[in-house]
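Welcome! Have the sequence and the model open beside you, and try each exercise before you read its solution.

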Amino acid sequence: MRSFDDPNVASAYEAFAADTRRGALVLRDLVLATAQELQPAVSVTEALRWGQPAYLSPKGTTIRLGGHTSARFALFVHCQTRLIGEFTSAFPGADRIDGNRAILFDEVGKIDPVRHGWLIARALIYHR
């Protein structure tokens with residue numbers, strides 16, 4: 001696991017319930033690994049947005065990680081993008097979805113690096 005540059009982000013992860021933290025950290029690793037694969041075209045900044053760990057790219061849209069009322073943890077994207085619609089078209093019925101804003105998880109084992117990495121990569125280059 002990569003260390004945190006921002007102590008506020010580290011604190012946000014520490015504040016999560018254990019199951020939420022475990023899943024969000026796995027998703028964090030996937031976001032950072034996906035961004036690394038896209039370099040040098042993509043750089044990612046880790047920050048807090050709406051109190052949750054967020055990943056921002058200059059030509060992308062924000063990705064947030066955290067808890068959800070209907071799941072242990074979730075991967076959120078901006079609700080006014082086409083990302084979730086494109087994701088559900090590419091991978092129909094593969095995940096629990098919250099409208100046009102999140103993929104919901106109850107188990108770390110449900111994270112698929114290929115499928116969810118596809119969504120993360122699209123988010124990181126959304127405005128390119």
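Two strands pair if DSSP finds at least two bridges between them. Helices (H or I, at least four residues) and strands (E, at least two) are DSSP runs, numbered from the N terminus. This is a predicted model, in which local features need pLDDT of at least 70 and side-chain atom pairs count only at pLDDT 80 or more, while totals for chains, interfaces and linings use all residues. Residues are numbered from 1 along each chain as its sequence is written, and side-chain values use heavy atoms, with hydrogens and water left out.

**Exercise 1. Take stock of the whole protein**

Task: find how many helices and strands there are in the protein, and in what order the elements run.

Solution. Step one is the count: the protein has 4 helices and 6 strands. Step two is the order, which from the N terminus reads α-α-β-β-β-β-α-β-β-α. Step three asks about compactness: the radius of gyration (taken over C-alpha atoms) is 13 Å, close to the 14 Å from the globule rule (2.2 Å times the number of residues to the power 0.38) for 128 residues, so the protein is as compact as a globular protein of that length. Along its principal axes the C-alpha trace spans about 35 × 35 × 25 Å. Finally, 45% of the 128 residues count as buried (under 20% relative accessible area, with exposed meaning over 50% and partly exposed in between; 1.4 Å probe, protein chains only).

**Exercise 2. Lay out the sheet**

Task: work out in what order the strands form the sheet, and which strands are at the edge.

Solution. Start with the order: the 6 strands form an open sheet, 1-2-3-4-6-5, with antiparallel pairing. Next, look for strands that pair on one side only; these edge strands are strand 1 (45-49) and strand 5 (96-98). Now add the twist, which averages 30° from one strand to the next; here axes are lines fitted to C-alpha atoms, for helices over the stretch in contact, and angles run from 0 to 180 degrees between N-to-C directions.

**Exercise 3. Follow strand 3 and its partners**

Task: find how many bridges join strand 2 to strand 3, and how many strand 3 to strand 4.

Solution. Begin with strand 2 (residues 52-56) and strand 3 (residues 63-68): 2 bridges join these antiparallel strands. They make a hairpin with 6 residues between them, and Ala 54 stands opposite Arg 64 of strand 3. Moving on, strand 3 and strand 4 pair in the antiparallel sense over 5 bridges, with Gly 66 opposite Ala 74 in strand 4. That hairpin joins its strands through 2 residues. As a last step, check the cover: strand 3 has 5 of its 6 residues buried.

**Exercise 4. Pack helix 2**

Task: find which strands helix 2 lies across, and where its axis stands relative to that of helix 4.

Solution. First, helix 2 (residues 18-38) lies across strands 1, 2, 3, 4 (71-77) and 6 (102-105), running at about 30° to strand 4. Second, a general point: two packed helices are described by the angle between their axes and the distance between the axes. For helix 2 and helix 4 (residues 113-124), the axes come within 9 Å and cross at roughly 65°. Third, the contact (heavy atoms within 4.5 Å) includes Leu 30, Val 31 and Thr 34 from helix 2, and Pro 113, Ile 120 and Leu 124 from helix 4.

**Exercise 5. Inspect single residues**

Task: decide whether Ile 120, Ser 57 and Trp 50 are buried or exposed.

Solution. Take Ile 120 first: this residue of helix 4 has a relative accessible area of 0%, so Ile 120 is buried. Leaving out residues up to four places away in sequence, Ile 120 touches Leu 30, Val 31, Thr 34, Ile 63 and Leu 75. Ser 57, in the loop between strand 2 and strand 3, is also buried, at 9%. With the same neighbours in sequence left out, Ser 57 touches Val 42, Ser 43 and Leu 124. Trp 50, in the loop between strand 1 and strand 2, counts as exposed at 69% relative accessibility. Trp 50 also has a positive phi of about 55° although it is not a glycine.
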